[in-house]
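User: I'd like to learn how to read the features of a structure like this one. Can you walk me through it, starting with the ligand?

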Amino acid sequence: MQPVTFDAASRTWLLRTPATSYVLRLDAGDVPVHLHWGPVLTLEQAAALPSGTRQSSSFDGTGALDELVTEAGARFHTPSLQIVFPGGVRGVDWRFKAHESDGGHLVLRFGDAHEPLELELHYRVHDDSDVIERWTRLVCRVPVTLLRCDSAAWSVPMRDGYRLSHVTGDWSAEHGLHRTELAAGETTLTSRRGLTSHAANPWVMLDAGDATERHGEVWSGALAWSGSWRITVTRDAAGRAGWTGGFGHEGLSWRLEPGEEWVTPVFAGLYSAHGHGGASRTWHDYVSRHVLPEPGELRPVVYNAWEAVGFDVGEANQKELAALAAQVGAELFVMDDAWFGGRTSDRAGLGDWWPNPDRFPGGLAPLIDEVHRHGMRFGLWVEPEMVNPDSDLYRAHPDWVLHQPGRPRTELRHQLVLDLSRPEVAYWAQEWLNRLVSEHEIDFLKWDCNRAFTEVADDRAWIGHVRAVYAILDRLRADHPHLRVEACAGGGGRTDLGILARTDQVWTSDNTDAFDRIAIQHGFSQLYPARVMAAWVTDSPNPLTRRRTPLAFRFHVAMAGALGIGGDLLRWSPEELDQAAALVAVHKDIRPVVQLGVQHRLPYGMQYAHEDRVVVLAWRGPVRHGTPEPRLRLEGLDPLGRYTDEDSGVLHHGAVLMSAGLPLDLPADDYASALVRLRREA
Ligand code: DGJ
């Protein structure tokens with residue numbers, strides 16, 4: 001299979017992935033227009049595709065679906081590129097220059113008929129994934145202002161109707177899945193917070209309203225960016241639909257100096273013919289193969305005492321908890337907030353990154369040594385982008401924060417944002433992080449970020465700050481190859497393909513209530529794989545929701561990701577500690593199946609398959625009497641295969657598990673759960 005082919009006569013490019021094709025063409029005016037995104041086509045078939053839809057009247061646009069919508073001529077769809085040249089001229093009068101392809105990477109180079117602009121559209125396909133990566137690069141020899149510069153515009157084929165899937169949420173309620181008819185007009189999904197945000201996540205899925213979890217065509221896209229972003233989904237009167245998206249929110253502008261290069265983040269897209277479940281599985285596989293730094297590693301069982309002790313951190317309580325964490329089988333002990341500077345509450349100390357001398361009189365070494373003696377790795381919480389005004393750092397450098405001269409500096413959680421787009425601030429962060437990791441035996445950092453951005457004086461900082469975070473993380477990992485990192489922003493406020501390219505997992509949510517987590521994890525799983533979804537078992541009643549749930553239920557929900565324990569183990573009974581140790585052992589047994597396997601969402605649970613093993617986690621909240629229990633019909637098994645329940649020894653047939661389902665007979669109790677391990681007979 002050739003990943004990129006070109007038909008010179010029709011000026012048509014065909015991109016091939018294992019199961020899909022993507023076709024674009026230059027029209028008579030050199031504009032790159034979209035023709036096809038769906039099942040596989042040959043180049044001959046691609047060249048025969050009709051060009052665009054008809055212009056219906058003098059009030060309509062060109063009817064074409066541009067690969068990057070600019071403001072030139074009769075183009076009235078949401079612009080992807082809004083560029084203002086000297087004198088106020090806008091839009092691109094495309095002039096095709098050249099195309100190059102290197103393996104699966106296709107670059108189309110354009111100029112403008114009137115201005116010294118270089119504009120490149122980049123496409124990259126892989127031979128092991130149906131995900132297509134796209135981004136844009138531009139350089140101009142005269143000064144220009146960018147009002148919007150999206151990574152890509154994606155168009156889907158005409159259908160009678162469209163349904164939009166996306167997530168919305170809030171702190172402690174991330175990844176709430178919405179599946180609604182796509183409104184006529186424009187629907188904007190966005191973050192204006194400088195972070196990916198809890199309120200929305202930069203991915204989108206469209207289907208014709210007929211896709212199910214198992215069947216049907218789904219077109220989706222995900223932006224690899226961890227700051228403000230915007231995706232505008234359009235459905236016009238003619239029935240066309242698609243989206244354009246990129247970094248930055250509306251209202252920002254960036255002035256580029258002559259010769260300055262502007263490169264957007266990747267906006268990846270996927271066509272799947274196998275329903276929402278199929279789309280999710282392909283995204284999971286893509287994240288593993290092409291995004292994560294260490295995809296093949298199993299995630300260690302974490303213990304983190306944040307919920308247990310909050311800001312009351314000290315050497316003694318951390319050591320006591322470390323002993324119990326080791327007893328239940330934790331592999332990585334993470335000390336959270338409040339180990340440094342004058343940080344005894346959220347009011348002070350952020351920015352002063354040395355061990356608090358009252359709490360750790362001998363420094364961190366005695367605790368780290370103790371953790372290592374227990375056979376666990378050691379991790380530490382940091383929040384490098386933030387500062388409390390009550391800190392030595394702020395007193396020394398009050399100008400280092402995002403602020404607008406003469407305006408109040410909005411404090412959120414009593415903290416301000418350090419402007420990492422400034423080289424001296426980024427240098428400071430890089431330097432102390434490097435020193436911290438070099439001078440201590442630190443294996444893991446939890447990189448937190450606990451507020452949205454305000455009072456950004458220079459629009460470039462919205463982009464520059466995120467690039468600096470990426471550069472610091474990349475450098476830190478290169479200098480300390482053993483280091484693993486968890487991304488966190490008050491829970492799941494920074495979950496995206498951009499941060500996942502330089503971290504190993506994300507803290508999914510500050511809400512650790514196992515029942516609430518089912519919905520959060522369901523939304524999370526639409527795009528992101530189990531191995532990056534950090535999930536803790538915490539206390540009952542849950543500190544946030546006060547809900548009481550059984551320990552097994554809490555474990556079974558958290559085992560669906562990268563298991564951690566966050567409860568106050570000092571208050572757990574000996575029986576609970578024993579039960580926890582047994583469940584951690586089970587988790588370690590099924591971990592390769594969950595974290596490296598293929599995931600299928602079931603009506604009230606998850607199925608994972610890896611090599612000859614299948615694991616089913618099933619959980620159920622409170623149910624009204626008489627509610628029929630949905631069958632757990634398994635998926636993707638060998639119909640002729642025989643599967644033995646590893647715990648009971650019962651033999652199942654693949655065809656029966658997929659048609660009649662797996663009999664579970666959960667007890668009638670609220671918050672019942674089950675874990676089933678099946679092994680396929682040779
Ligand atoms: C927010 C995180 O999500 C929590 O897990 C914890 O690390 C706190 N910050 C610490 O301040």
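Analyst: Let's start with a term: a polar contact is a pair of N or O atoms within 3.5 Å; within protein, one must be able to donate a hydrogen and the other to accept it, and residues adjacent in sequence count only if both atoms are side-chain atoms. Here, a polar side-chain atom of Asp510 is 2.5 Å from an oxygen atom of the ligand. Bear in mind that this is a predicted model, where local features need pLDDT of at least 70, side-chain atom pairs count only at pLDDT 80 or more, and totals for chains, interfaces and linings use all residues. Residues are numbered from 1 along each chain as its sequence is written, and side-chain values use heavy atoms, with hydrogens and water left out.

User: Which part of Gly491 does an oxygen atom of the ligand approach, and how does Trp381 take part?

Analyst: With Gly491 the partner is a polar backbone atom, 2.9 Å from a ligand oxygen. Trp381 uses its side chain, with an N or O atom 3.0 Å from an oxygen of the ligand.

User: How much of the ligand's accessible area does the protein cover?

Analyst: Accessible areas come from the Shrake-Rupley method with a 1.4 Å probe; for residues, only the protein chains shown count as cover. On its own the ligand has 300 Å², and the protein covers 99% of that.

User: What kinds of residues make up the shell around the ligand?

Analyst: Ala, Val, Leu, Ile, Met, Phe, Trp, Tyr, Cys and Pro count as nonpolar, Asp, Glu, Lys and Arg as charged, and the others, Gly among them, as polar. By that scheme the shell has six charged, four nonpolar and three polar residues.

User: Where is there a cis peptide bond, and what is the phi of His175?

Analyst: Most peptide bonds are trans, and most residues other than glycine have a negative phi. Ser540 and Pro541 are joined by a cis bond, with omega about 0°. His175 isn't a glycine, yet its phi is positive, about 60°.

User: Where does each of them sit in the chain?

Analyst: Helices (H or I, at least four residues) and strands (E, at least two) are DSSP runs, numbered from the N terminus. Pro541 is in the loop between β30 (533-537) and α11 (551-558), while His175 is in the loop between β12 (163-168) and β13 (176-181).
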